[in-house]
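Trainee: I am new to this structure and should like to understand its side-chain contacts. May we go through them by question and answer?

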Amino acid sequence: MPSKLTTYRAKRDPKKTPEPMGATATRARRTKQRAAPTFVIQEHHARALHWDFRLERDGVLVSWALPKGLPVDPKTNHLAVHTEDHPLDYGGFEGDIPKGEYGGGHVSIWDHGTYDVVKWRDKEIMVDLHGERAEGRYVLFPTGGKNWMIHRMDPAPADFEAMPALIKPMLATPGALPS
Ligand code: MN
């Protein structure tokens, strides 16, 4: 059975990028035995700024790229482009991916914490996030191809820190995917 990280590793050369290549399956299984699964949101200044939203699940980080970050307002859904599963230790990664490499640009952790699964189905993932900045119930659902939407279910808390309103469009090249 191919590793869940086959696609992730195929896109990266460990000699050229400081990104983690992932623990072995055995180590991943051991790491998994925690009370609550973790999530991380990484701010990624790649070709276009986006936020990578990753949920720990079955030994990997299931991932989406959010061009506008997490939605603040339950009335406004945000695009979430499904990306390849990432290794668990990617959740601690911050640094610079060299220009010219896949996803080249600076990565920093915007928030991290734990989450509770409310539902996890092929067409609907509902989670309660417990981070320092991201808090509350969110639902993700596919809308075609790699595109999903992320919807905030709870009213935005009064002290919620909004993402920057003015950001560059994500797709510099029509059809290009965020990395
Ligand atoms: Mn990214």
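Mentor: A salt bridge is a side-chain nitrogen of Lys or Arg within 4 Å of a carboxyl oxygen of Asp or Glu. Please keep in mind that this is a predicted model.

Trainee: At what N to O distance do the side chains of Lys-119 and Glu-124 meet in a salt bridge?

Mentor: Side chains of opposite charge can pair when their charged atoms come close. The cut-off for a salt bridge is 4 Å. Lys-119 and Glu-124 satisfy this rule, with an N to O distance of 3.3 Å.

Trainee: Is Lys-119 buried, partly exposed or exposed?

Mentor: Buried means under 20% relative accessible area and exposed means over 50%. Lys-119 has a relative accessible area of 28%. Its partner in the salt bridge, Glu-124, has 22% and is partly exposed. Lys-119 likewise counts as partly exposed.

Trainee: How many salt bridges does the count come to?

Mentor: Besides the bridge between Lys-119 and Glu-124, Arg-12 and Glu-19 meet in one at 3.2 Å, N to O. Another joins the side chains of Arg-54 and Asp-52 at 3.5 Å. By this rule the count comes to five.

Trainee: Which residues are linked in a network of salt bridges?

Mentor: One bridge to consider is that between the side chains of Arg-12 and Glu-19, both of which are buried. The network also takes in Glu-84. The linked residues are therefore Arg-12, Glu-19 and Glu-84.

Trainee: Is Arg-54 buried or exposed?

Mentor: Arg-54 lies in strand β2. Asp-52, with which it forms a salt bridge, has a relative accessible area of 2% and is buried. Arg-54 has a relative accessibility of 2%, so it counts as buried.

Trainee: Which side chain makes a polar contact of 2.7 Å with that of Arg-54?

Mentor: Leaving aside neighbours within four places in sequence, Arg-54 is in contact with several residues, including Thr-38, Gln-42, Ser-63, His-86 and Tyr-90. The side chain of His-86 makes a polar contact with that of Arg-54 at 3.4 Å. The contact of 2.7 Å is made by the side chain of Gln-42.

Trainee: Turning to the aromatic rings, are those of Phe-53 and Trp-64 stacked, tilted or edge-to-face?

Mentor: The structure holds four aromatic pairs. The ring centres of Phe-53 and Trp-64 are 6.2 Å apart and the planes stand at 35°. Planes under 30 degrees apart count as stacked and those over 60 as edge-to-face, so this pair is tilted.

Trainee: How many residues apart in sequence are the parts tied together by Trp-64 and Trp-148?

Mentor: The rings of Trp-64 and Trp-148 have centres 5.5 Å apart and planes at 70°, so they form an edge-to-face pair. Both residues are buried. Trp-64 lies in strand β3 and Trp-148 in strand β9, so the pair ties together parts whose separation in sequence is 84 residues.

Trainee: Which strand supplies the largest share of the largest nonpolar core?

Mentor: This core has 31 residues, and Phe-53, Leu-55, Trp-64, Leu-70, Leu-129 and Leu-140 touch the most other members. The strands β1, β2, β3, β6, β7, β8 and β9 each supply at least two of its residues. The largest share, five residues, comes from β3.

Note on methods:
Residues are numbered from 1 along each chain as its sequence is written. This is a predicted model: local features need pLDDT of at least 70, side-chain atom pairs count only at pLDDT 80 or more; totals for chains, interfaces and linings use all residues. Side-chain values use heavy atoms; hydrogens and water are left out. Rings of Phe, Tyr and Trp (its six-membered ring) pair if their centres lie within 6.5 Å; planes under 30 degrees apart count as stacked, over 60 as edge-to-face and the rest as tilted. Helices (H or I, at least four residues) and strands (E, at least two) are DSSP runs, numbered from the N terminus. Buried means under 20% relative accessible area, exposed over 50%, partly exposed in between (1.4 Å probe, protein chains only). A polar contact is a pair of N or O atoms within 3.5 Å; within protein, one must be able to donate a hydrogen and the other to accept it, and residues adjacent in sequence count only if both atoms are side-chain atoms. Contact means heavy atoms within 4.5 Å. A nonpolar core is a set of buried Ala, Val, Leu, Ile, Met, Phe, Trp, Tyr and Cys residues joined through side-chain atoms within 4.5 Å.
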